[in-house]
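Colleague: I would like a close look at one part of this model. Please take a single helix and go through its packing against its neighbours.

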Amino acid sequence: MHPPDSYDPRYLAGIVLFNRADYFEAHEVWEDLWMETAAPQKKFYQGLIQAAVGLCHFCNGNLRGAVKLYHSSRDYMMPFDSPYLGLDNAAFWQDMERCFAELLANPAFDRRVEINDDLLPVITLSPEPESWPEPADFLHDDEADRA
């Protein structure tokens, strides 16, 4: 069990952004954390970053990029136990699979597949942190303007 007061605030800020569907911003915050992290957590964060970017691509219609990052992010995160850093890894990937199901079933990149907002994955932590940080505190000025 991961003590709720030991979560890195950048990890939490990225989750807040991810759950708002601000995938690009979540990836930016997590990338700052990833650059300062050693193995094995580095691979876990890399998986989260790529999951966020994959969802960003899917939302923007870059289906080829979305599928590629779906697979690579899953490959990075699958070796980790569930839960890991409070995240139910298995449930997260069930949600990601549901979100990407139509695209993965028929990845013809010349057709239009729209992401279903009702199927967007949401990250929950157990245990929950005692408080959540303000994501804008971890965004660079140009990113904070978009968030």
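Modeller: What follows is a walk around helix α3, with a short look at the aromatic rings beside it.

This is a predicted model. The protein has six helices and zero strands. From the N terminus the order is α-α-α-α-α-α. Of its 147 residues, 44% count as buried. Among contacts with a separation of 6 or more, 68% join residues 24 or more positions apart.

Start with α3 and α4. Helix α4 covers residues 63–77, and its axis comes within 8 Å of that of α3. The two axes cross at roughly 160°. An angle over 145 degrees counts as roughly antiparallel, so α3 is roughly antiparallel to α4. The crossing of α3 past α4 is left-handed. On the α3 side, the contact uses Lys43, Phe44, Gln46, Gly47, Leu48, Gln50, Ala51, Val53, Gly54, His57 and Phe58. On the α4 side, the partners are Leu63, Gly65, Ala66, Leu69, Ser72, Ser73, Tyr76 and Met77. By class, the residues of this contact are 10 nonpolar, eight polar and one charged.

Now turn to α5. Helix α3 spans residues 41–59 and helix α5 spans residues 89–105. Their axes come within 12 Å and cross at roughly 25°. Angles under 35 degrees count as roughly parallel, so α3 and α5 are roughly parallel to each other. Here too α3 passes in a left-handed crossing. From α3, the contact takes Ala51, Gly54, Leu55 and Phe58. From α5, Phe92, Met96, Cys99, Phe100 and Leu103 take part. This contact divides into eight nonpolar residues, one polar and no charged.

Some α3 residues serve both neighbours. Ala51, Gly54 and Phe58 meet α4, and Ala51, Gly54 and Phe58 also belong to the contact with α5.

The rings come next. Phe58 belongs to a cluster linked by ring pairs, along with Phe18, Tyr23, Trp30, Tyr70, Phe92, Trp93 and Phe100. Phe92 and Phe100 are also on the α5 side of the contact with α3. The whole structure holds 13 aromatic pairs. One of them joins Phe18 and Phe92. It is tilted, with 5.9 Å centre to centre and 50° between the planes. Phe18 sits in helix α1, residues 9–19, while Phe92 sits in helix α5. The two are 74 residues apart, so the pair links distant parts of the chain. Both Phe18 and Phe92 are buried.

Technical notes
Residues are numbered from 1 along each chain as its sequence is written. This is a predicted model: local features need pLDDT of at least 70, side-chain atom pairs count only at pLDDT 80 or more; totals for chains, interfaces and linings use all residues. Side-chain values use heavy atoms; hydrogens and water are left out. Axes are lines fitted to C-alpha atoms, for helices over the stretch in contact, and angles run from 0 to 180 degrees between N-to-C directions. Helices (H or I, at least four residues) and strands (E, at least two) are DSSP runs, numbered from the N terminus. Angles under 35 degrees count as roughly parallel, over 145 as roughly antiparallel, 65 to 115 as roughly perpendicular and the rest as oblique. A crossing is left-handed if the near helix is turned anticlockwise from the far one by less than a right angle, and right-handed if clockwise. Contact means heavy atoms within 4.5 Å. Ala, Val, Leu, Ile, Met, Phe, Trp, Tyr, Cys and Pro count as nonpolar, Asp, Glu, Lys and Arg as charged, and the others, Gly among them, as polar. Rings of Phe, Tyr and Trp (its six-membered ring) pair if their centres lie within 6.5 Å; planes under 30 degrees apart count as stacked, over 60 as edge-to-face and the rest as tilted. Buried means under 20% relative accessible area, exposed over 50%, partly exposed in between (1.4 Å probe, protein chains only).
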